[in-house]
Amino acid sequence: MVEFEEEKEIFLEHIRKSGLRRTGQRDLILEIFLKTEEHLTSEDLYWLVQKEDPSVGHTTVYRTLKLLTEAGLAREVRFGDNKTYYEHHYDHEHHDHLICTSCGKVVEFFSQQIEELQDSIAEQHGFKLSHHSLRMWGLCEMCSKSEADVSSVPPGAQPRVRVKTVIGGY
Ligand SMILES: [Zn+2]
Ligand SMILES: [Zn+2]
Ligand SMILES: [Zn+2]
C-alpha cells in the first residue's frame with residue numbers, strides 16, 4: 001500500500017520524536033483521516049474509525065488528531081458552532097470557507113483578489129501577516145431555495161455537517 005506514503009512517514013517521524021510507540025490503532029486513525037476529504041470533528045472521525053475497529057476509544061482518536069495537528073498533517077478549523085473541526089493540512093493549498101447556517105454545509109474557496117486585498121490592508125496598518133482565516137456565513141443555494149418554499153423547519157433543529165466540500169477557484 002503506497003497511498004499516503006509521505007504523510008505516513010511524517011507521522012511516524014513525529015511519533016518517534018515525541019517518544020511514542022507506533023500502534024495499529026494510530027495507523028488506522030491516520031489512514032481513515034487521510035482518506036476522508038471532509039471537515040471532521042473528533043466525534044465524526046471516531047464513528048468512522050468505529051466501523052473498522054470498535055475497540056478504538058474516543059480518547060485515542062482525539063489524541064491522535066492532536067498528534068496529526070502537531071505533525072502538520074491536520075489543521076484545526078472552527079465554523080462558529082463551538083466545535084473544532086479538522087481538515088487536511090499537508091500539501092493542501094490555502095483556502096477559505098463559506099458556511100451554511102442552516103444545514104452546516106461548508107464550501108472551500110480561494111480568491112487571489114481577496115488574498116491580495118487582505119495583504120494590502122495589513123500593510124496599510126503596518127501588520128506583517130502570519131496567517132488568516134476568512135469565514136463567511138449565510139444560506140447555501142439549497143437552503144435559501146427551501147426557505148423560500150416553506151418556513152417549516154422545526155425550532156432547535158441542529159445543523160448537520162456531513163457534506164463533501166468543493167474547492168472552487170475564482
Ligand atoms: Zn485566504
Ligand atoms: Zn444549507
Ligand atoms: Zn477547509
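This report covers the fold, two helix packings and one strand residue of a predicted model.

## Overall fold

The protein chain holds six helices and six strands. From the N terminus, the order is α-α-α-α-β-β-β-β-α-β-α-β. Four helices therefore lead, and four strands follow them, under the DSSP runs used here.

The chain has 170 residues, and 18% of them are buried. Among contacts with a separation of 6 or more, 56% join residues 24 or more positions apart.

## Helix α3 against helix α4

Helix α3 spans residues 42-52, and helix α4 spans residues 58-70. The two pack at an angle of about 120 degrees. Their axes lie 9 Å apart. The angle makes α3 oblique to α4, because 65 to 115 degrees is the range for roughly perpendicular and over 145 is roughly antiparallel. The crossing of this pair is right-handed.

On the α3 side, the contact is made by Ser-42, Leu-45, Tyr-46 and Val-49. On the α4 side, it is made by His-58, Val-61, Tyr-62 and Leu-65. By class, six of these residues are nonpolar and two are polar. No charged residue takes part in the contact of α3 with α4.

## Helix α2 against helix α4

Helix α2 covers residues 24-35 and also packs on α4. Here the angle is about 65 degrees, with the axes 10 Å apart. That makes α2 roughly perpendicular to α4, because the class runs from 65 to 115 degrees. The crossing of α2 and α4 is right-handed.

From α2, the residues in contact are Gln-25, Arg-26, Ile-29, Leu-30 and Phe-33. They meet Thr-60, Val-61, Thr-64 and Leu-68 of α4. This contact has five nonpolar, three polar and one charged residues. Val-61 of α4 appears in the contact with α3 and again in the contact with α2.

## Val-77 in strand β1

Strand β1 runs over residues 74-78 and includes Val-77. Val-77 has 17 C-beta neighbours inside 10 Å. Val-77 is therefore partly exposed, since a buried residue needs 20 or more and an exposed one has 12 or fewer.

Beyond its neighbours within four places in sequence, Val-77 contacts His-39, Tyr-85 and Glu-87. His-39 is 38 residues away from Val-77 in sequence. In space, the C-alpha atoms of Val-77 and His-39 are 8.1 Å apart.

Conventions
Residues numbered from 1 in each chain as written. Chains lettered and ligands numbered in written order. Predicted model: local features only at pLDDT ≥ 70, side-chain atom pairs only at ≥ 80, totals over all residues. Contact = placed C-beta atoms within 7 Å. Axes fitted to C-alpha atoms, helices over the stretch in contact; angles between N-to-C directions. Parallel < 35°, antiparallel > 145°, perpendicular 65-115°, else oblique. Left-handed = near helix turned anticlockwise from the far one by under 90°. Nonpolar A, V, L, I, M, F, W, Y, C, P; charged D, E, K, R; others polar.
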